[in-house]
Amino acid sequence: MTTTAAGTQAIWAFEEHEHRDLVRGINRIHDVACEIGRRPTPELSVDVLDVLRWLDGTLEPHIGWEEAWLYPEIEARTGTPWATRAARFDHQQVREMAARLRADQALLSSGGGGDQQAEARCHLFGLEALLRAHIEREERFLIPLLEDERATLRADERSVPVGTLD
């Protein structure tokens, strides 16, 4: 698969920007988890519902883009699907945790008590940790594969003899 240096740079910048935006949502997950036990259950139910809306409206489209374009691109460049296997597994865990939070939110909205609040808090903190670790692994292990491609393209451009570029 051929990508120009400018295209690779754009991919890198887009992913970096996306991850910075995701951190805001992840911080919100942390804040909601911290509020459990300090605020009335109906308010917590609304907060968990807001987290679920963020998961559906922001995170899931990001995951979809990664799975539909970014990961296949990385796999093509590395020649193996194993490069993205752990990241795809993380995505499945995120979806499973979102399902748990949906169940938590339903119980909280019906007036679930202390045990249900404790479960929701654990699930929120678990989701936060999973997302933070996933983003860090992507930035340390997957995104540098795009950087490697940029370096290769720059080296190729330097090796082209003068006067041969159109």
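How many helices and how many strands are there in the protein? This predicted model has four helices and zero strands. Read from the N terminus, the elements follow the order α-α-α-α.

**The overall picture**

Let's start with the whole chain. Of the 166 residues in the protein, 37% are buried. The accessible surface amounts to about 9200 Å², and carbon and sulfur atoms account for 56% of that surface. If you look at contacts between residues at least 6 apart in sequence, 78% of them join residues at least 24 apart.

**Helix 2 and its kink**

Helix 2 covers residues 41-78 and is worth a careful look. A straight helix of 38 residues would span 56 Å at 1.5 Å a residue, but the end C-alpha atoms of helix 2 are only 49 Å apart. Where is the kink in helix 2 centred? You will find it at Glu66, with a bend of about 40°. After helix 2 comes Gly79, which has a positive phi, near 80°.

**Salt bridges**

Across the whole structure, a search turns up 13 salt bridges. As general background, side chains of opposite charge can pair when their charged atoms come close. Here are three of the pairs, with the N to O distance for each.

| Pair | Closest N to O distance |
|---|---|
| Arg39 and Glu43 | 3.0 Å |
| Asp90 and Arg137 | 2.7 Å |
| Arg132 and Glu128 | 2.9 Å |

The pair of Asp90 and Arg137 forms a salt bridge between two helices. Asp90 belongs to helix 3 (residues 85-109) and Arg137 to helix 4 (residues 114-159), so this salt bridge ties together parts that are 47 residues apart in sequence. Is each partner buried or partly exposed? Asp90 is buried, at 5% relative accessible area, while Arg137 is partly exposed at 34%.

Arg132 and Glu128, by contrast, both sit in helix 4, four residues apart, so about one helical turn separates them. An α-helix has 3.6 residues a turn, so residues three or four places apart point the same way. In this pair Arg132 is partly exposed, with 32% relative accessibility, whereas Glu128 is buried at 10%.

Finally, the salt bridge between Arg39 and Glu43 is part of a wider arrangement: Arg28, Arg39, Glu43 and Asp47 are linked in a network of salt bridges. Arg39 is partly exposed, its relative accessible area being 26%, and Glu43 is partly exposed as well, at 39%.

Notes:
Residues numbered from 1 in each chain as written. Predicted model: local features only at pLDDT ≥ 70, side-chain atom pairs only at ≥ 80, totals over all residues. Heavy atoms only, no water. Buried < 20%, exposed > 50% of the residue type's maximum accessible area, 1.4 Å probe, protein only. Contact = heavy atoms within 4.5 Å. Areas by Shrake-Rupley, 256 points an atom, 1.4 Å probe, with all protein chains shown as cover. Expected span 1.5 Å × (residues − 1). Bend = angle between axes of the 7 residues up to and from the residue. Salt bridge = Lys/Arg side-chain N within 4 Å of Asp/Glu carboxyl O.
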